[in-house]
Amino acid sequence: MNYNSTRDKSRVVTASQAIAQGISEEGGLFVPQEFPKYSLEEIKAMCELDYRGRAKKIMGDFLGDFTAEEISESVDSAYTAEKFGSDNPSPISYIENGNTKMAVLELWHGPTCAFKDMALQILPHLLTKSVKKAYNGKEAVILVATSGDTGKAALEGFKDVDGVKIMVFYPVDGVSPMQKRQMATQKGNNVNVAAIKGNFDDAQTGVKKIFTNADIDMVKEGKIEAGENVNVAVPTGNFGNILAAFYAMNMGLPVKKFICASNSNNVLTDFIKTGTYDKMRKFYTTMSPSMDILVSSNLERLLYHMTGENAEKVAGFMKALSSEGKYTVDEDVKAKLDKYFWGGFCDDENTQKTIKDLYENENYLCDTHTAVAVKVYQQYVSETGDNTPVILASTASPYKFAQSVLTAVTDEKLPEDEFAMVDELSAKTKTAIPAPLAELKNAEVRFTFECEVDEMPKAVLDSLGIKA
């Protein structure tokens, strides 16, 4: 299988080239030329495999220039019980809230307690192999823009990896205290971290400019029948997880509707409802910071597929977004959006109410991002009456956002120290503090550097010891 750029279909690269390069020369994102198609019998067979078995099968179909041994070694090294707490990296919790039943897919049991671990534990293994295939002898430099979770997960995944250096940029006032401490205390001789005086969109745009000058366990447990439709609800900022679910549908997973849940930065909600993507709006700093995004990068990949792989049209959308701050899709694309997607949003007040409700009524403690997805899914059921079984992505441990979660479940005065809040949340809810977060309390702070957005290129060169 080869890959095209979303902005220039004539650009064709192998899987290893796409992984090693990251972003196409003209700014486009790489997408597969086609999707492997799985029959119902093949999906049922994969249900009998464990997570690692399914990962090897599916990655093998996407990574055409990797050997089976290379993929197996990468998967087995990435998804260990030591890193994820059990042999199942993404367990499902089943909860009922009122008239809604939810299968909550917990994607946050990895070493940084966030969903990004699912990708960023295996990416270093794939990247080092890709660099050897595509650019033998070269050193890889990873640049990361993060709204909180990606940065720590990338740092943890790539720390002390031979032939790789990594630098992470995050908005100085746009991450939670726990997320900031995770990055500031990161170990590794090949890592660097900088806070920028701006928001996530500034960081993401800055990194791109530098680059371009880029479950099916429910069947096995008897919760649904093989071949039965499911809905997928995802708390969405950069559109990554929900795009992955859309890809899964194109490969054979029977999905009826994708519920796209946003916080007050509801640019995706408006896009799904109107067909116009307009980033020229107020930016909100919320208690679900990983979704504080107005330029949703992975949406470009969805547009590529929904326009019939029309790279020229997608490039036009992206040019309009850059120059005018907005674009409007045509009627055909809008009709496809209406068929597959439903969008809604949830503000901070309702986020905390949802956390409180789930904890008090279902004894289930969730983080601020998962709560947004729960609330929007409830809105969807109320508006449509659709009770199709749902898989709801839970993206982070509640302990990464201790202040907001503790405020939701108690009326008592909160302690001022972040780790005192963590301790009180554990005592109040009788839940365990994830070990990777507990260990941060006494970890050495290594990174305190801050820079303006236009200083990002110089910061990268300085970190690499390169004089401009």
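Student: What makes helix 14 (residues 299-306) count as largely enclosed by the rest of the structure?

Tutor: Start with the term. Buried means under 20% relative accessible area, exposed over 50%, and partly exposed in between (1.4 Å probe, protein chains only). In helix 14, 8 of the 8 residues are buried, so the helix is largely enclosed by the rest of the structure. The buried residues are Leu299, Glu300, Arg301, Leu302, Leu303, Tyr304, His305 and Met306. Just after helix 14, glycine 308 has a positive phi of about 70°.

Student: What kind of model is this, and which pLDDT do local features need?

Tutor: The model is predicted: local features need pLDDT of at least 70, side-chain atom pairs count only at pLDDT 80 or more, and totals for chains, interfaces and linings use all residues. Residues are numbered from 1 along each chain as its sequence is written, and side-chain values use heavy atoms, with hydrogens and water left out.

Student: Where do the helix and strand numbers come from?

Tutor: From DSSP runs, numbered from the N terminus: helices are H or I with at least four residues, strands are E with at least two.

Student: How do you know whether isoleucine 272 is buried or exposed?

Tutor: Set its value against the cut-off. Isoleucine 272 has 4% relative accessibility, so it counts as buried. Its place is in helix 13 (residues 267-274).

Student: Which residues is isoleucine 272 in contact with, leaving aside neighbours within four places in sequence?

Tutor: Contact means heavy atoms within 4.5 Å. Isoleucine 272 is in contact with Cys260, Lys334, Asp338, Phe341, Trp342 and Gly343. Now compare sequence with space. Tyrosine 340 is 68 residues from isoleucine 272 in sequence, with a C-alpha to C-alpha distance of 9.9 Å.

Student: What do the buried residues of helix 13 pack against?

Tutor: These residues are Val267, Leu268, Thr269, Phe271 and Ile272. They pack against several elements, including strand 10, helix 14 and strand 13.

Student: What makes strand 9 (residues 230-235) and strand 10 count as paired?

Tutor: Two strands pair if DSSP finds at least two bridges between them. Strand 9 and strand 10 have 6 bridges, in the parallel sense. One pair of bridge partners is valine 234 and cysteine 260 in strand 10. Strand 10 (residues 255-262) is mostly covered, with 7 of its 8 residues buried. Strand 10 also runs parallel to strand 13 (residues 341-345), joined by 5 bridges. There, isoleucine 259 stands opposite tryptophan 342.

Student: Why do strand 4 (92-97) and strand 13 count as edges of the sheet?

Tutor: Read the order of the 6 strands in this open sheet: 4-5-14-9-10-13, with mixed pairing. Strand 4 and strand 13 each have a single partner strand, so one side of each is left without a neighbour in the sheet. Strand 9 and strand 14 (residues 390-394) run parallel, joined by 3 bridges.

Student: How does the direction of helix 12 compare with that of strand 10?

Tutor: Axes are lines fitted to C-alpha atoms, for helices over the stretch in contact, and angles run from 0 to 180 degrees between N-to-C directions. Helix 12 packs on the sheet, touching strand 9, strand 10 and strand 13, and makes about 175° with the direction of strand 10.

Student: Why are helix 17 and helix 18 described by the word they get for their angle?

Tutor: Check the classes. Angles under 35 degrees count as roughly parallel, over 145 as roughly antiparallel, 65 to 115 as roughly perpendicular and the rest as oblique. The axes of helix 17 (residues 348-362) and helix 18 (residues 368-384) cross at roughly 90° and come within 8 Å. Helix 17 and helix 18 are therefore roughly perpendicular to each other. Among the contact residues are Asn350 and Leu358 of helix 17, and Val372 and Lys375 of helix 18.

Student: What makes cysteine 113 and asparagine 363 worth setting side by side?

Tutor: Look at phi. Cysteine 113 has a phi near 65°, a positive value in a residue other than glycine. Asparagine 363 has a phi near 55°, also positive in a residue other than glycine. Now look at accessibility. Cysteine 113 has a relative accessible area of 2%, so it is buried. Asparagine 363 has 61%, so it is exposed. Asparagine 363 lies in the loop between helix 17 and helix 18.
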